[in-house]
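Hi,

Here is the structure I said I would pass on. Have a look at it first, and then read my notes below.

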Amino acid sequence: MKSCYRVTSRLRKHWLSSLLLIRPSSVRQNIPLIYLLISTVGSILKELEVVPNTYFSSSTNVLNVYFVKVSWGWTLFLLTPFLLLSNYSINRNVSFLCRRLLSLVVATVIWYVCTETFFYIEDVSGSCYGTESMDLLNEEFTSKVSCRRAGLHWRGYDISGHSFILTYSALFIVEEISPMAYLKTASLSTLPRVVVNLLYVSLNVIVMIWTWMFMCTSVYFHDPSHKLLGTLCGILGWYVTYRVWYLKPLSPGLPPPHHLPKEQNQNSN
């Protein structure tokens, strides 16, 4: 157990400390702009058709099937225990922990409302066609579900759910793993510390997967406006919560060290 702890601790201190995505640097602070830039440049490259097809230009690639399509499940599966352990190690107040757990509920509500809204917009704005080239309109089917069940093709305003969820999930994770920098003063026992280190490694890997797949979405799939709007929705969901609402008293609040007393915060730095 001690050797496992030393390995995971070393990983966190050396390899993970070099990751730009999680460091309190200008890169981390500008992640929303970076995602917008990727979406914009990727959309231009797609329209110019200068990026050759690869394994990741198929929606059946492993990362898309087993990670992106269930991306919110992966985010909650890894982030929930990490949030509990990391926040508990810094502030063991029960009401604080309950409030912090509410951030998972809020994020899930945002994910659900946005994705269902995207589905609704595509449904009410679309039509059913007999071929992919949209040269044969079929007025018999008036919803995406009935159209596709009949083996036909539905065409509506398809806001990119991938662009939204990958942006929002990455921003959400980056915010919630920030307490890791303060765990060096925490009083966690060996096993919980090993677990939180492993979760931290896994969450960073997930952020890298989300970023890579976001790039693939940008250069291979969807119309430019669909991707940009999906990306903006993800950024807006993050901004409204972590930059506006969570600064207020009646909210889940920000992750530590924002809740630490001033003296403890200074000692942790």
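Let me start with a question: is Phe164 buried or exposed? Phe164 counts as buried, because its relative accessibility is 0%. Bear in mind that this is a predicted model, so everything below is computed from predicted coordinates.

Phe164 sits in helix H8, and its surroundings are worth a click. Beyond its neighbours within four places in sequence, Phe164 touches Ile110, Trp111, Cys114, Thr115 and Phe118, and also Gly230, Thr231, Cys233 and Gly234. Leu232 is 68 residues away from Phe164 in sequence, yet the two C-alpha atoms are 7.4 Å apart.

**The overall picture**

The chain has 269 residues, and 42% of them are buried. Its secondary structure adds up to eleven helices and two strands. Reading from the N terminus, the order is α-α-α-α-α-α-β-α-β-α-α-α-α. Of the contacts between residues at least 6 apart in sequence, 78% link residues at least 24 apart. As for the surface, the accessible area is about 14200 Å², and carbon and sulfur atoms account for 64% of that.

**How far to trust it**

The average pLDDT of the chain is 84, with 82% of the residues scoring at least 70. Helix H10 (residues 224–244) has the highest confidence, with a mean of 96, while helix H11 (residues 262–268) has the lowest, with a mean of 44. Over residues 260–269 the pLDDT is below 50, and that stretch makes eleven contacts in the model beyond near neighbours in sequence. Residues 14–25 also stay under 50, and there the model has 29 contacts beyond four places in sequence.

**Salt bridges**

How many salt bridges does a search of the whole structure find? It turns up four, and here are some of them.

- Arg100 pairs with Glu176, with the closest N and O atoms 2.7 Å apart. Arg100 belongs to helix H6 and Glu176 to helix H8, so this pair ties together parts that are 76 residues apart in sequence. Arg100 is buried, at a relative accessible area of 0%, and Glu176 is buried as well, at 0%.
- Lys144 pairs with Glu122, and the closest N and O atoms are 2.8 Å apart. Since Lys144 lies in helix H7 (residues 144–149) and Glu122 in helix H6, the parts tied together are 22 residues apart in sequence. Lys144 counts as buried at 19% relative accessibility, just because the cut-off is under 20%. Glu122 is buried too, with a relative accessible area of 3%.
- Glu175 pairs with Arg243, the closest N and O atoms being 3.0 Å apart. This pair joins helix H8 to helix H10, so it ties together parts that are 68 residues apart in sequence. Glu175 is buried at 10% relative accessibility, whereas Arg243 is partly exposed at 39%.

Glu175 has another partner to look at: its side chain makes a polar contact of 3.0 Å with the side chain of Trp238.

**On the surface**

Which residues make the nonpolar surface patch of about 450 Å²? They are Leu102, Val105, Val109, Tyr112 and Val113. Val105 lies in helix H6 (residues 94–125) and is partly exposed, with a relative accessible area of 47%.

**Two backbone angles to check**

Most residues other than glycine have a negative phi. Two residues here go the other way. Glu49 has a positive phi, near 55°. Its place is in the loop between helix H3 (31–48) and helix H4 (62–66), and Glu49 counts as exposed because its relative accessibility is 70%. His222 also has a positive phi, near 70°, and is found in the loop between helix H9 (190–220) and helix H10. His222 is partly exposed, with a relative accessible area of 24%.

That is my list for now.

Cheers

Conventions. Residues numbered from 1 in each chain as written. Predicted model: local features only at pLDDT ≥ 70, side-chain atom pairs only at ≥ 80, totals over all residues. Heavy atoms only, no water. pLDDT = per-residue confidence, 0-100. Helix = DSSP H or I, 4+ residues; strand = E, 2+ residues; numbered from the N terminus. Contact = heavy atoms within 4.5 Å. Buried < 20%, exposed > 50% of the residue type's maximum accessible area, 1.4 Å probe, protein only. Areas by Shrake-Rupley, 256 points an atom, 1.4 Å probe, with all protein chains shown as cover. Polar contact = N/O pair within 3.5 Å; in protein donor to acceptor, adjacent residues only side chain to side chain. Patch = residues over 30% accessible without salt bridge, like charges linked within 9 Å, V, L, I, M, F, W, Y side chains within 5 Å. Salt bridge = Lys/Arg side-chain N within 4 Å of Asp/Glu carboxyl O.
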